[in-house]
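Biologist: I would like to go through this model term by term. Please set each value against its criterion.

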Amino acid sequence: MLSRLKFLRLAPHRTNVLRAQRRTNCKSVSSFDDMLSDAKTKEANVASPAQLEVPHLIQQHEYKFNEGKLYHGFQCERVERIPDFDLTSYTLRHEGTGTELWHIDRNDANNVFSINFRTTPFDSTGLPHILEHLALCGSKNYPVRDPFFKMLNRSVATFMNAMTGPDYTLYPFSTMNEVDFRNLQRIYLDAVFSPNLAYLDFLQEGWRLENKELHNRKSELVIKGVVYNEMKGAFSENSLVFGQNLLNNILPDHTYGHVSGGNPLEIPKLTHTDLIEFHRKYYHPSNARVYSYGSFDLTKTLSLIDKEYLSLHTRVDNSYSRIPLQPRWSQPRHVHISSRLDNMGAAFDRQNQIAIAVLMCDMTNIQETFELKVLSEILIRGPNSAFYKSLIEPNFSGGYNQSTGYSSDTKDTAFVVGLQDLRVEEFKKFNDIFSQTICKAMKEGFESQHVESILHNLELSLKHQSPHFGNALLFNSTALWNHDGDVVSNLRVSDMIAGLRTCLRQNKNYFQEKMNTYFVNNSHKLTLTMSPDELYEENFKQAELEMLEQKTSALDNEKLEKIYQNGLKLDASQKAAPNTELLPCLTLSDVKKSPNWPKLSIQTIEEVQTQICKVPTNEITYFKCLFNITGLSEDEVKLVPLFCNIINDMGTTQHDFREFDKLVLSKTAGIDFKLNFVENVEDAKSYRLSLMMTTHALDKNVPDMFLLCQDLLRNFKLEDTDRLKMLIENYISNISIGIASSGHLYAMLGAAALVSNASKLKSLLSGVDHIDFMKNFVQKNNTADIRDQLKSIGTKVFNKSNMRVAINSSESYLPTALEHLKNFLGTLSTLEKTNESSEITLLHPSCQQYLMNIPVNYCAKAFFAVPYLHKDHPTLRVLAKLVSAKYLLPVVREQNGAYGAGAKISSDGIFSFYSYRDPHSTKTLDAFEKTYEWLHSESKIDQQALFEAKLGVLQQLDSPIAPGNIGIDYFLYEVSQEMFVKYRSRMLSITIDELHDVIERYFKEKSKNYGKCILGPANESLELETSQKWKIIA
Ligand SMILES: [Zn+2]
């Protein structure tokens, strides 16, 4: 799947949508389930190398492998300690094949393994992407249908995926369990080096012609295929279309001129033979790179790879996959493209985008790349940057677009700045401002305090610890490694910062000289513009039809018969019982032990309940402040997401917004606000709303951190209505992005909204309803009125009577941190205590569709079951996993062609079904309805199925937590560590009888409170096909 990363950066096609990839339209709302289930998707946010995060220091002196020595066919070429991240890097090379193996030895339980290939397509048929799918469809030692998906349920992996970028394909996983690590390692290695690449799998995953009615050879032919649908869905998101075109047009001469994921209209040109040939050439060990990270024994890995795979091959020269530098243009270029009209986006005349991209240095020049990254931040990020002042503040657009930033994942790096939601008439203005901004920055230079604040932020991110360090390191290094860059030296971030500081000291014009090279004297400059076309969808359909016509017109009877037979064969193979016994699986004894976390303690400081966690934090103190806002009126509550978004951007009575931003950036990692929605997890009868402020800082900056928080809470200032207006308009532009890429989440929110008043409010605060609400609200109210309402929220909320705090700090610094906390709390005012919670009421069943101008659907059904602390909750959670893996994936994905499908239960007691990038809608809803029939009629629930479902839940329960986040479940949701341990062991002890018992009680009768929701194109026969009334929201 394509994620919404800047397109010139990593553009992975993720194969795994089992784990809902949450990206709410509204960054400031969260719920308990984010904590429970989405923790492990977060590492996908690719940080820059400088943002990698470091663990607690443990000294290590002896090297495990020595330079020049041979280990299982691998020669150790380079060993280096990297103190910044407390790791040892080992570079080894296989003597026979030349395969490079990079091992990062580090005292971290979350081990990672990955095999990467340099894959450089020369057409847009999606070859590397379809191959990535096919490699995971069965191999020599594991001739199982879809072993990858099957392993998702037989492992406790903290991450399992495969991605296709513009010039590489990688297969990474991570796990904390060594048995699991060895199991997955065998499957991954066999998948890439000995895949079956069967013809039927090609038809299923890539593309095929098939009779519309499978059993009627006379019925019309249609095009089907998982990747075919996936890419149709991916290009429903306009920001992705823009990013893809930017990449194709600024680097047009080699592989980047093509769509590695596949252009739906080109995909049907691919043949099975092309695919096999591509695999033979690009998946050769000499074109592979192997990555391993963590504390497990490397020699076992080396021995396995050498014996089973590499020793069977000889070395080939892999220069065929090398990517040359793009020849520079002598003239700037301008390209215009059209896009789908987004009916949830801005007004038609404002739905345009523009960007200027300039090509910069060779990415393997790591110091230069690093410095250009810093320069880009200085030019773009926040209210002190030149482009923010010149492009954003005049407020003629919806803010920066998704492509803005420094792109360093391609062989030539690029600087991109662009705007979204502006009028065509403003294109010229954008161009003029671009040149003027560069001139002005060249003339005036940069304020040293601003530069320092950016460098401080980089340094702080080096100390911040993430539980997914090994994955982040891999993702950050992949592109550079792929171009034979020095990935080891690239980890010496402190050295790079020091190098830059020296240059800046010695040469006052250092950055201006860089700008001269890359902005002034650079004719390799692309201006890309994009405007909506009302006929876009129609034109695509027409082109698809023509392609189909072309494919089918030449078919003789023999070929038609073959297509018919293949359809039947594929159907039969999809319905055959899976032969999963060939796959390894963990056992209960492998996973019995519950993770061990540091204990929390609670104190009252200055009348405020304070949660304290003593934990090694690597010289950082983490601070969270929670304000109960249930006392706000309903009208006020609806504005809280906006309030969270702007409150830290307006400055205070002590410091204007520029000054405040600079101070925050030089002393902390930022001060962020978000809305929390907490249902009572015991009885689901009430809910609380709260607003959380989070920040962290180096221990030495903790006094300043508290002063800044105090300043913001006591002296926030919203007087500047022009600025406020701009922030509000940018907010509205941003919340409508990403709906098509995370449609299943919006569909689930939309379905749940029909179940209870609380979920309805949640959808109004973060679902599609929020976009509508905000657009209407801003139309009806002037900025001064909005300002007064936001102000009133701040005045009512920011006081210590309705507040709790949490602090995570190291043993040695904690007493000092608590002293500063005490002073901080002493300065806050007391107000009357407000309502603790609101009541939840359940609603009558109903259905709604949000009409979207896209070629795929997202379907959901939700019903009320029981909340987290009810004894049936863990059973229902296991059942949701089982239904996802054994029923919904085979039927909705494999047979009906949706890209993903699943079921889940959230802590508030809502049980949901969903589909993702689905060619059907009512057929899928029908499959949801038939869950009981399936569960009841077939005796598919055996011990193995039950255990696999438990492992699936365990992956979520045991996912690693960052030190700064330990205790957050208790802080936000009052789920204590004891409750968690009880929940976990109850979950592990569930029997088949108990499972059948909940099936009878929750699935046999139709629930009294349920809702159905579709996001997708209009369907005139919706009511007829479902025999239900639907509310259509256009
Ligand atoms: Zn894919």
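Biologist: Which residue stands opposite Arg289 in strand 12?

Modeller: Asn116 stands opposite Arg289. A caveat before we go on: this is a predicted model.

Biologist: What makes strand 6 and strand 12 a pair?

Modeller: Two strands pair if DSSP finds at least two bridges between them. Strand 6 (residues 111–118) and strand 12 have six bridges, in the antiparallel sense. Strand 5 (residues 100–105) also pairs with strand 12 over six bridges, but in the parallel sense. There, Trp102 has Tyr291 as its bridge partner.

Biologist: Why is strand 12 called mostly covered?

Modeller: A residue is buried under 20% relative accessible area. In strand 12 (residues 288–294), seven of seven residues are buried.

Biologist: Now the metal. Which atoms are the protein donors of the zinc ion?

Modeller: They are His129 (NE2), His133 (NE2) and two OE entries from Glu230. Their distances run from 2.1 to 2.5 Å. A donor must lie within 2.8 Å of the metal, so these atoms qualify.

Biologist: Why is the site of the zinc ion called irregular?

Modeller: Four donors count as tetrahedral if all angles lie between 85 and 135 degrees. Here the angles among the four donor atoms run from 54 to 149°. Square planar needs opposite donors over 155 degrees apart. Neither class fits, so the site is irregular.

Biologist: What spacing do the zinc donors follow along the chain?

Modeller: The spacing is H-x3-H-x96-E. His129 and His133 both sit in helix 2 (residues 127–135), four residues apart, about one turn of the helix. Both histidines are buried.

Biologist: Next, the five-stranded sheet. What is its strand order?

Modeller: The order is 13-17-14-16-15. The sheet is open and its pairing is mixed.

Biologist: What makes strand 13 and strand 15 edge strands?

Modeller: Strand 13 (333–340) and strand 15 (405–407) each have a single partner strand, so one side of each lacks a neighbour in the sheet. Neighbouring strands are turned by 25° against each other on average, direction ignored.

Biologist: How do you know that strand 13 pairs with strand 17?

Modeller: The criterion is at least two bridges. Strand 13 and strand 17 (residues 525–533) have eight, in the parallel sense. One of the partnerships joins Ser338 to Ser531 in strand 17.

Biologist: Which strands does helix 7 touch?

Modeller: Helix 7 (residues 238–250) touches strands 13, 14, 16 and 17 as it packs on the sheet. Its direction makes about 150° with that of strand 17. Helix 12 (residues 427–444) packs on this sheet as well, touching strands 14, 16 and 17. The direction of helix 12 makes about 30° with that of strand 14.

Biologist: What order do the strands take in the six-stranded sheet?

Modeller: The order is 27-28-26-29-25-30, again open with mixed pairing. Strand 27 (900–905) and strand 30 (1031–1033) are the edge strands, since each pairs on one side only. The twist averages 15° from one strand to the next. Strand 26 (residues 858–864) and strand 29 (residues 1010–1016) pair in the antiparallel sense over six bridges. Phe863 stands opposite Tyr1010 in strand 29.

Biologist: Why is Ile647 called buried?

Modeller: The cut-off is under 20%. Ile647 has 1% relative accessibility, so it counts as buried. Ile647 lies in the loop between helix 20 (634–646) and helix 21 (657–667). Beyond its neighbours within four places in sequence, Ile647 is in contact with Phe673, Leu712, Phe716, Leu718 and Phe798.

Biologist: What makes the phi of Ala684 worth a remark?

Modeller: Most residues other than glycine have a negative phi. Ala684 has a positive phi of about 55°. Ala684 sits in the loop between strand 21 (672–679) and strand 22 (686–698). At 7% relative accessible area, Ala684 is buried.

Biologist: And Glu974: buried, partly exposed or exposed?

Modeller: Partly exposed is the class between under 20% and over 50%. Glu974 has 39%, so it is partly exposed. Its phi is near 55°, also positive. Glu974 lies in the loop between helix 33 (968–973) and helix 34 (977–989).

Notes
Residues are numbered from 1 along each chain as its sequence is written. This is a predicted model: local features need pLDDT of at least 70, side-chain atom pairs count only at pLDDT 80 or more; totals for chains, interfaces and linings use all residues. Side-chain values use heavy atoms; hydrogens and water are left out. Helices (H or I, at least four residues) and strands (E, at least two) are DSSP runs, numbered from the N terminus. Axes are lines fitted to C-alpha atoms, for helices over the stretch in contact, and angles run from 0 to 180 degrees between N-to-C directions. Contact means heavy atoms within 4.5 Å. Donors are N, O and S atoms within 2.8 Å of the metal (3.2 Å for Na, K and Ca); water is not among the atoms, so sites may look incomplete. Four donors count as tetrahedral if all angles lie between 85 and 135 degrees; four count as square planar and six as octahedral if opposite donors are over 155 degrees apart and all others between 65 and 115; anything else is irregular. Buried means under 20% relative accessible area, exposed over 50%, partly exposed in between (1.4 Å probe, protein chains only).
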